[in-house]
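The questions below ask how certain descriptions of a structure are reached. Each answer sets a value against the rule that applies.

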Amino acid sequence: MAVKRHAGSCGTLRFVLGDQLTRRVSSLTDLDPERDIVLLVEVRDEATYVRHHKQKIAFLFAAMRHFASDLTEEGVTVDYVRLTDPGNTGSFTGELERAVARHRPERIVVTEPGEWRVWEMMQDWRETLGPPVEIRSDNRFLCPREDFAHWAEKRHHLRMETFYRGMRRRTGLLMEGGEPVGGRWNFDAENRKRLPKGHRLPDRIGFQPDAVTREVIALVEQEFGDHFGTLGGFSWPVTRDDALAALRHFIASCLPTFGDYQDAMKAGAPFLYHALISPALNAGLLTAEEVCWAAERAYRENAVPLHCAEGFIRQILGWREYVRGLYWARMPEYRETNALAAARALPWFYWSGDTKLNCIAQVVADTRAHAYAHHIQRLMVTGNFALIAGLDPAQVEEWYLIVFADAYEWVELPNVHGMVLWADGGVMGSKPYAASGAYIDRMSDYCGSCAYDVKVKSGAEACPFNYLYWNFLLENEDKLAGNPRMTMPYRTLRGFGDTRRAEIRRDATTFLGALSTRPDAVHKDDQTESAT
Ligand code: FAD
Ligand code: DLZ
Ligand code: SF4
């Protein structure tokens, strides 16, 4: 990789963060290759403010190095600081200060970041760096922060569906004469099939690490070897060309069936029909706009049924834009709320996967191997357990930020704090997504090989999700029973006699009391030896 270094004074110093790797990002739009310098820095602080999965660090460093090479080939002067370069201060601020001393720029241009903590750093740069600092809005999103803030003003509940319809109208995606194509906005009801037995899944393409990526992988193993996760199966696309190839492969081989099995889970099959584009999308290798239009085009060409195209576009145009808007509209107060006063420490099996709860063991194994789990695994397995076991939101949020290659606070926090844990008290979701083992059994094959019995409601053999679900409702009766969307489960709960209620509390207390938060106690989550 040829990365040019530059000395003397320059016009504009354009600082590109590791998740802004596109030539079209706002900080580069008016780049003058004759006078400007683009700065990219690998810094230890960003790899350790939470101890990211090794694949996340390797993915970003590899993508940054490839992006720098592309810019250099284009004739742009790039100042690229590697992690192990002598004098690397380890922080964004330290590296900017050094770059200012090296290049004496007339001004600094950056694009707004994806995390509040970096936004705060950027405010300081305006005061401390010397040259003027221009912070530009992030043009990779379809809904600017200000537009979302305007929409969210004076609303307490921010419902995704309302926002999504507005975005369909705004972009014209899947619209005809001002109306949604097919006469409906949302085909969610058609997206909930269980995977049939013997169903043949499509082969997925992976991307063999090239020399640059292999060097990064070795660096990450050496410098961050004690972080969560393995590097052996690394196959993420780390260049724009490979990310486009991943998108084409998804649209051709998976999108035609994506909608049907969007919520399905299968042991040993982490990817199913999912797009596997979120790390590339979040880092700038793909744009939301091009991904949505690619799906719409496939629908218009009759290559993809409407419910699949709509289901996929909704995830990006709807959910992705919505969580990002909500994050910026409600931070920094948003992460401080804890509506259900949940306080239990994160069990160790979230790291080790060493638990007899087969669904959790499977999801943690997928996550460790790929820095990936699909949406329903995140929401209804690790997320659902965290909710009904009353785990501390801050600890759960940190876990989610660490373990996935696509995790940045703007997208992780609303999904975990709002959608999964209902810690925001209903700003995002009208009710908590709590579920018993029956949901996991319906949507997966996990229960068939579990030590627990999903059909049993109480006692040592019972699936813990069953009694933890009812215990969650009991524990939070004062906060949730008045919620109109919780009427049905509370009506059922009221029909339980004292004996049944006492059983639920007993089983939940025994199970939760045995959870270990340290690596020394393996399999303590089971209630009796006979359950093994
Ligand atoms: P697909 O299932 O194929 O979906 C296509 C795209 O839609 C994704 O690439 C993603 O960009 C977008 N998308 C889908 N659902 C969401 C959503 N709820 N929020 C935002 N975008 C969405 N996504 C992240 O990118 N980073 C995270 O840190 C993250 N944390 C999550 C935590 C929890 C608890 C939950 C429930 C979801 C989280 N998601 C996160 C959303 C979603 O799980 C991932 O985007 C998705 O699994 C990525 O895989 P894929 O590219 O194969 O997606
Ligand atoms: C996640 C990450 C990591 C691991 N390392 C770097 C880095 O060395 N340099 C960099 O510019 N960005 C990195 N990132 C991404 C940043 O954490 C991200 O830009 C901020 O969290 C704002 O979204
Ligand atoms: Fe998970 Fe319960 Fe099914 Fe076991 S039986 S896999 S714990 S839902």
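Q: Which helices each supply at least two residues of the shell around ligand 3?
A: They are α14 (358–370) and α18 (437–443). Helices (H or I, at least four residues) and strands (E, at least two) are DSSP runs, numbered from the N terminus. This is a predicted model, in which local features need pLDDT of at least 70 and side-chain atom pairs count only at pLDDT 80 or more, while totals for chains, interfaces and linings use all residues. Residues are numbered from 1 along each chain as its sequence is written, chains are lettered from A and ligands numbered from 1 in the order in which they are written, and side-chain values use heavy atoms, with hydrogens and water left out.

Q: What makes a residue part of the surroundings of ligand 3?
A: One of its heavy atoms must lie within 4 Å of the ligand. The residues around ligand 3 include C359, C447, C450 and C463, as well as N358 and G437. By class, this shell has 10 nonpolar, two polar and no charged residues. Ala, Val, Leu, Ile, Met, Phe, Trp, Tyr, Cys and Pro count as nonpolar, Asp, Glu, Lys and Arg as charged, and the others, Gly among them, as polar.

Q: Why are α15 and α16 called roughly antiparallel?
A: Helix α15 (residues 375–388) and helix α16 (residues 393–403) pack at about 150 degrees, with axes 11 Å apart. Axes are lines fitted to C-alpha atoms, for helices over the stretch in contact, and angles run from 0 to 180 degrees between N-to-C directions. Angles under 35 degrees count as roughly parallel, over 145 as roughly antiparallel, 65 to 115 as roughly perpendicular and the rest as oblique. The pair α15 and α16 is therefore roughly antiparallel.

Q: Which residues make the contact of α15 and α16?
A: R378, T382, G383 and A386 of α15 and V396, W399 and Y400 of α16 make it, contact meaning heavy atoms within 4.5 Å.

Q: Why is α2 called oblique to α7?
A: The axes of helix α2 (residues 54–73) and helix α7 (residues 211–223) come within 9 Å and cross at roughly 140 degrees. That value makes α2 oblique to α7. The residues of this contact divide into nine nonpolar, two polar and four charged.

Q: How do you know that β1 and β4 pair?
A: Two strands pair if DSSP finds at least two bridges between them. Strand β1 (residues 12–15) and strand β4 (residues 107–111) have four bridges, in the parallel sense. R14 stands opposite V109 in β4.

Q: Why do β3 and β5 stand at the edges of the sheet?
A: Five strands form an open sheet in the order β3-β2-β1-β4-β5, with parallel pairing. β3 (77–81) and β5 (133–136) each have a single partner strand, so one side of each is left without a neighbour in the sheet.

Q: Which helix lies across β1, β2, β3 and β4?
A: Helix α3 (residues 92–103) does, running at about 150 degrees to β2 (37–41). Helix α4 (residues 116–128) also packs on the sheet, touching β1, β4 and β5.

Q: What makes M331 and P332, and also L174, worth a remark?
A: Most residues other than glycine have a negative phi, and most peptide bonds are trans. A cis peptide bond joins M331 and P332, with omega about 5 degrees. Phi of L174 is near 50 degrees, a positive value in a residue other than glycine. L174 lies in the loop between α6 (160–171) and β6 (175–176).
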